Amino acid sequence: SLVDKANYRHFMAKEIHEQPEVVGHTLARYVDMATERIALPVKLPFDFKDIQRISIVACGTASYAGYVGKYWIERFGRLPVELDVASEFRYREAPLRKGDLAIFISQSGETADTLAALRYAKAEGVHTLSVVNVATSTIARESETVLQTLAGPEIGVASTKAFTCQLMVLAAIAVAAGKARGELSDADENRLVKGLVEIPRLMAAALSTEPQIEKLAREIAKHKDVVYLGRGTSYPLALEGALKLKEISYIHAEGYAAGELKHGPIALIDENMPVVVIAPHDKVFEKTVSNMQEVAARGGNIILMTDARGAAEATVDSLVTIVLPDMASAFTPMVYAVPVQLLAYHTAVVMGTDVDQPRNLAKSVTVE
Ligand code: G6P
């Protein structure tokens, strides 16, 4: 067949490992390496200066990419972004301002709810931009502007490489918005683009955590519930980590904003509960450390995903610390996605589930 598993046991494993390459292809489409500037492949039919609010709409993993995109666009573009899952957006009749922008994110470009949301937005007179992997899809055809992810065919039902490619496109959109709105200088743009250019190499380095994660998966597979915590852009990644784990291993998992721990999930913590903490050494690191201390005080088993600096400064006993490469940019989710995906994958392998075709799930949900 056109797409095979090469030497991998599952498509999902192959697709996780392809990420440095396909994220690199996507990067090359959106960035001019020579000038270190964002260079979108199409001319946008609007100016980010005229946009007052962006609505991002998607389902599943694509919605978590959108959640990260919201944080980036708000930070770099100082532009308010609303994020909705498509099934809510389409029926809630969200008020949209003519001339504003709605962004639709979809790997397949065929998800029924996302397509219906796109049609609603068009009828309301907003600009529509889709981030899709399948260029010939219905969502691509019906959108005013299409920014394609170059992930290549994704076969595993649980999305992996499409997700990180979506993040790359959203990062480019966020920097472009910041530039157009005068929130970022040329020097800021160069610095951010330099950060993006580093991503494929950092993702490749993140893949080297696999033997450690394989071992950890044998431990996780003994549990019935897992909590994932993160702050800032690591929060949507915590949601994605929990989604991945439940989708393919059938172990119940919940993702939470680390600051919300005390408002509920802390009641679940005892010496049996694994807690995956996604915490690069960023602006909110100290805050996440204090949440980890709350978990540790209740005997929870902390699995810390951080960088060398974070590992040195986290004053908490963790069961396992996964050390990711140090990075200077705000684009950590693309790198931390790798261990998050590997943990779900290897846990599912230990559980013996059908990793590429998990029960009850479909690759593309074309019905309501
Ligand atoms: C299904 C898939 C998910 C995917 C979601 C959205 O639930 O199993 O992996 O994230 O649909 O699909 P889309 O093609 O719109 O990104």
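## Close-up views of a predicted model

**Figure 1. Helix 7, residues 161-180, is a good place to start in this predicted model.** Helix 7 has 20 residues, and from its first C-alpha to its last it reaches 29 Å, close to the 28 Å expected at 1.5 Å a residue. Is helix 7 enclosed or open? Of its 20 residues, 19 are buried, so helix 7 is largely enclosed by the rest of the structure. Just after helix 7 you will meet Gly182, whose phi is positive, near 75°. As you look along any such helix, remember that an α-helix has 3.6 residues a turn, so residues three or four places apart point the same way.

**Figure 2. A shell of 16 residues surrounds the ligand.** Which residues are closest to the ligand? They are Gly60, Thr61, Ser106, Ser108 and Thr111. Sorted by class, the shell holds 9 polar residues, 6 nonpolar residues and 1 charged residue. Helix 3 (residues 60-77) gives the largest share of this shell, with 3 residues.

**Figure 3. Helix 3, the helix with the largest share of the ligand shell, can also be viewed by itself.** Helix 3 is 18 residues in length and reaches 25 Å from its first C-alpha to its last, close to the 26 Å expected at 1.5 Å a residue. How many of its residues are buried? The count is 16 of the 18, so helix 3 is largely enclosed by the rest of the structure. Arg78 follows helix 3, and its phi is positive, near 45°.

**Figure 4. Strand 11, residues 301-307, is largely enclosed because 7 of its 7 residues are buried.** In a regular strand the side chains alternate between the two faces of the sheet. Try following that pattern here: Asn301, Ile303, Met305 and Asp307 point one way from strand 11, while Ile302, Leu304 and Thr306 point the other way. Residues on both sides are buried.

**Figure 5. Strand 11 pairs with strand 10 and with strand 12.** Strand 10 (residues 274-278) pairs with strand 11 in the parallel sense, over 5 bridges. Here Val276 stands opposite Ile303 of strand 11. Strand 12 (residues 320-324) also runs parallel to strand 11, and 5 bridges join the two. In this pairing, Met305 stands opposite Ile322 of strand 12.

**Figure 6. Helices link the neighbouring strands in β-α-β units.** Strand 10, helix 11 (residues 285-297) and strand 11 make up a right-handed β-α-β unit. From strand 11, the chain then crosses through helix 12 (residues 308-313) to strand 12, and this β-α-β crossover is right-handed too.

**Figure 7. Glu93 and Asn360 have positive phi values although neither is glycine.** Most residues other than glycine have a negative phi. Phi of Glu93 is near 50°, and Glu93 lies in the loop between helix 4 (86-92) and strand 5 (101-106). Is Glu93 buried or exposed? Glu93 counts as exposed because it has 9 C-beta neighbours inside 10 Å, and the cut-off for exposed is 12 or fewer. Phi of Asn360 is near 70°, and Asn360 sits in the segment after helix 13 (332-351). With 6 C-beta neighbours inside 10 Å, Asn360 counts as exposed as well.

**Figure 8. Confidence scores come with the predicted model.** The protein chain averages a pLDDT of 95, and 99% of the residues score at least 70. The ipTM of the model is 0.95, and its pTM is 0.97.

How values were computed. Residues are numbered from 1 along each chain as its sequence is written. This is a predicted model: local features need pLDDT of at least 70, side-chain atom pairs count only at pLDDT 80 or more; totals for chains, interfaces and linings use all residues. A residue is near a molecule or strand if its C-beta atom, placed from the backbone, lies within 6 Å of it. Helices (H or I, at least four residues) and strands (E, at least two) are DSSP runs, numbered from the N terminus. Ala, Val, Leu, Ile, Met, Phe, Trp, Tyr, Cys and Pro count as nonpolar, Asp, Glu, Lys and Arg as charged, and the others, Gly among them, as polar. The expected span of a helix is 1.5 Å times one less than its number of residues. Two strands pair if DSSP finds at least two bridges between them. A crossover is right-handed if, with the strands pointing away from the viewer, the path from the first strand over the helix to the second runs clockwise. pLDDT is the predictor's confidence in each residue, from 0 to 100.
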